[in-house]
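Q: Got a minute to go through this one with me? I'd like to start with the folds and then look at how the chains meet.

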Amino acid sequence: MTTDFKYHQYQIVGRHLPTEANPSPSLYRMKVWAVDEVCARSKFWYFIKRLKRVKKANGQIIAVNEIFEKDPTVVKNFGVWLRVLSRTGYYNMFKEFRDVTMNGAIDQMYQDLAARHRIRASCIQIIKTAVLKDEECKRPIVLQFHKEGLSFPIPHKVVRPSEKKYRSTFKASRPNVALF
Amino acid sequence: MPYTRLVEVGRVAMINYGKDYGKLVVIVDIVDHARALIDAPDMVRKPFFFKRMALTEFKLDIGKTPAKKDLIAALNSSKAFDNFAATAWGKKLASRKAKAASNDFGRFKAMIAKKAKSAKVKAALKK
């Protein structure tokens, strides 16, 4: 299992502290993406206090579990529904990615929003995620990889050093990148 | 189209970076414009960047993401890895490996053999 994802998926279960009026408060389960467990707990409180009358001062976390990909060796389409804060205001977005893990897709999503919209990670709220069937996908960037018998050339090939230590800033000769 | 080595399901590629350097793998699915899912008999299937692999002329007749035993069967029936070793590229890699593995005496013998050969060539040219 690769552990080089920046964001991990956690399932967090929390509730309001038992009171005399309500000795068995209902449990709330949430799936959040965070860099570690501590941040995941913080995210849980951030969202739950917007949704329910529960906050960190009067609540407790029952369980925190990291969720791992069931089959990280199969390519899937991931859909991500988002709420993002831009310089002007809040927007909703739907994005699709192709990857083998949900964590990989979420990492792609953060990179994509940073690149296309200059949106920082702290301004992104993930509303919902899903694994999409091929026929459920909408975005052309994902649809182009569903073609039967897909094939394409790599027309531009940069020969790179076999290891990082063999990298050099300056080369004696200009590389030939054409590939036929 | 001048291109004969395409990124497609079944294409045999060689990894040219990292700990799997020099390993022959098979593209079993295309993830996106930059990555493919690769597989080989002795590895766990994983996505890999096109940047870090070189495509070979060989292509297996397999479906998307085959089971390991189907992949091995396809490799055995097509003998793609063996055929690769017989190509100029494969021979170059083998000779490079042999040279790196040889000791000082081995290199000395190669030098003597080369001298003897070039002497014969020169003598034949002089006639």
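A: Sure. Chain A has three helices and seven strands, where helices (H or I, at least four residues) and strands (E, at least two) are DSSP runs, numbered from the N terminus. Before you lean on any of it, this is a predicted model: local features need pLDDT of at least 70, side-chain atom pairs count only at pLDDT 80 or more, and totals for chains, interfaces and linings use all residues. Residues are numbered from 1 along each chain as its sequence is written, chains are lettered from A and ligands numbered from 1 in the order in which they are written, and side-chain values use heavy atoms, leaving out hydrogens and water.

Q: OK, what pattern does chain A follow along the sequence?

A: Chain A reads β-β-α-β-β-β-α-β-α-β.

Q: And what's the radius of gyration of chain A?

A: Chain A has 22 Å, whereas a compact globule of 180 residues would be near 16 Å. That radius is taken over C-alpha atoms, and the globule rule is 2.2 Å times the number of residues to the power 0.38. The C-alpha atoms of chain A fill a box of roughly 80 × 40 × 40 Å along the principal axes.

Q: Switching to chain B, which elements does that one have?

A: Four helices and six strands, running β-β-β-β-β-β-α-α-α-α from the N terminus. Chain B has a radius of gyration of 20 Å, against near 14 Å for a compact globule of 127 residues.

Q: Now the interface. How many residues of each chain are in contact?

A: 23 residues of chain A and 28 of chain B, with contact meaning heavy atoms within 4.5 Å. The buried area is about 2200 Å², with carbon and sulfur atoms giving 58%; that's the accessible area (1.4 Å probe) the two parts lose on being put together, summed over both.

Q: Which residues form the salt bridge?

A: A:Asp99 and B:Arg35, with the closest N and O atoms 3.2 Å apart. The count between the chains is one, a salt bridge being a side-chain nitrogen of Lys or Arg within 4 Å of a carboxyl oxygen of Asp or Glu.

Q: Which elements of chain A give two or more residues to that side?

A: β5 (90–99) and β7 (151–153). The largest share, three residues, comes from β7(A).

Q: What does β7(A) join up with in chain B?

A: Strand β1 (residues 6–8) of chain B, antiparallel, through three bridges; strands pair if DSSP finds at least two bridges between them. In that pairing, A:Pro153 stands opposite B:Leu6.
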